Amino acid sequence: MAGTLNADRKSPIGLERLVVWPMTTDNSEGITHGTAVEISKVLMTASDTPSIVQADQSADNQVVDSICAKNGGTLDLSATNLNATDRVAIYGETADGETNITNKDDVVPYVAVAFMTRRSDGKVNLYKYPKVKFSEQQESFETIKKDGVTFAATALKGSYEPTLANGDARYVRRGVDPKTDATFVTTWFTTADTYKPAT
């Protein structure tokens, strides 16, 4: 890739391009995903809260050792809405004649998730989570009022985990030029296991 990455500390100013892949296998021999599904023009907010395991060991009245380990985390997304196909892919619902069915035997699938943020210098930050499971959240709706309209949004709450294949839980590539590195950006969003340029 052209340029030097991670040389500055620009704040993200935009959020876009939600892509998910169904995860088909994750074991000691490797991890595989299905075909990418881009959920266009829906992503409103994204929040990543790492899960940290901490412990201290004390002896002779002082801390003599400690551990601070990362163990996946929580990915909270806000979207304008999900269509019927999106809900099958993300929540494991069943589609029957264009009607979505939620059943007691539904199995919520693991998916990989990718999105990106933009920066004021025109570059982008790329984010990818190879193993996420989303739980359906409360949905609220309001009537149209005389003084205005409130758009309903969909909340997606996901738990991301280290993969069994290699222990990776998240990939972030900062300061990518979407023009000179356009091929890499495209591959980031079409191939689930891409996390760096081919050498």
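**Exercise 1. A salt bridge across the sequence**

Task: Glu 38 forms a salt bridge; which residue is its partner, and how far apart are the closest N and O atoms?

Solution. Start with the pair itself: Arg 17 is the partner of Glu 38, and their closest N and O atoms are 3.1 Å apart. Keep in mind that this is a predicted model. A salt bridge needs such a nitrogen and oxygen within 4 Å, so this pair qualifies. Next, place both residues: Arg 17 belongs to strand 1, while Glu 38 belongs to strand 3 (residues 37-39), so the pair ties together parts that are 21 residues apart in sequence. Finally, look at accessibility. Glu 38 is partly exposed, with a relative accessible area of 36%, and Arg 17 is partly exposed as well, at 27%.

**Exercise 2. More charged pairs**

Task: How many salt bridges does a search of the whole structure find?

Solution. The search gives 12. Let's look at two of them. Lys 104 and Asp 105 meet through their side chains, N to O, at 3.2 Å. Lys 104 is exposed, with a relative accessible area of 76%, and Asp 105 is exposed at 53%. Now try Arg 119 and Asp 121, whose side chains meet at 2.6 Å, N to O. Here Arg 119 is buried, with a relative accessible area of 7%, whereas Asp 121 is partly exposed at 33%. There is also a network: Arg 87, Glu 93, Glu 136 and Glu 139 are joined by salt bridges that share partners.

**Exercise 3. Finding the core**

Task: Which residues of the largest nonpolar core touch the most other members?

Solution. This core has 21 residues, and those that touch the most other members are Leu 75, Leu 77, Val 113, Phe 115, Phe 134 and Leu 156. Then ask where the core comes from. Two or more residues each are given by strand 1 (12-27), strand 5 (62-79), helix 1 (84-91), strand 8 (111-119), strand 9 (124-136) and strand 10 (154-160). Strand 9 supplies the largest share, four residues. Zoom in on Leu 77: beyond its neighbours within four places in sequence, its contacts include Leu 18, Leu 43, Phe 115, Phe 134 and Leu 156. A second, separate core has 14 residues, among them Ala 114, Met 116, Val 176 and Phe 189. As a general rule, nonpolar side chains in soluble globular proteins tend to be buried together.

**Exercise 4. One side of a helix**

Task: Which residues of helix 2 (residues 182-190) are buried?

Solution. They are Phe 184, Val 185, Trp 188 and Phe 189. These residues cover an arc of only 130 degrees around the axis, so they lie on the same side of helix 2. The general pattern helps here: an α-helix has 3.6 residues a turn, so residues three or four places apart point the same way. Last step: the buried residues of helix 2 pack against strand 1, strand 8, strand 9 and strand 11 (171-176).

**Exercise 5. Buried or exposed?**

Task: Is Thr 117 buried or exposed, and is Ser 58 buried or exposed?

Solution. Take Thr 117, which sits in strand 8. Its relative accessible area is 7%, under the 20% cut-off, so Thr 117 is buried. Leaving out residues up to four places away in sequence, Thr 117 touches Pro 12, Gly 14, Leu 15, Lys 123, Val 124, Asn 125 and Tyr 127. Now take Ser 58, in strand 4 (residues 43-59). With 55%, over the 50% cut-off, Ser 58 is exposed. By the same way of counting contacts, Ser 58 touches Val 63 and Val 64.

Technical notes. Residues are numbered from 1 along each chain as its sequence is written. This is a predicted model: local features need pLDDT of at least 70, side-chain atom pairs count only at pLDDT 80 or more; totals for chains, interfaces and linings use all residues. Side-chain values use heavy atoms; hydrogens and water are left out. A nonpolar core is a set of buried Ala, Val, Leu, Ile, Met, Phe, Trp, Tyr and Cys residues joined through side-chain atoms within 4.5 Å. Buried means under 20% relative accessible area, exposed over 50%, partly exposed in between (1.4 Å probe, protein chains only). Contact means heavy atoms within 4.5 Å. The arc is that of the directions from the helix axis to the C-beta atoms.
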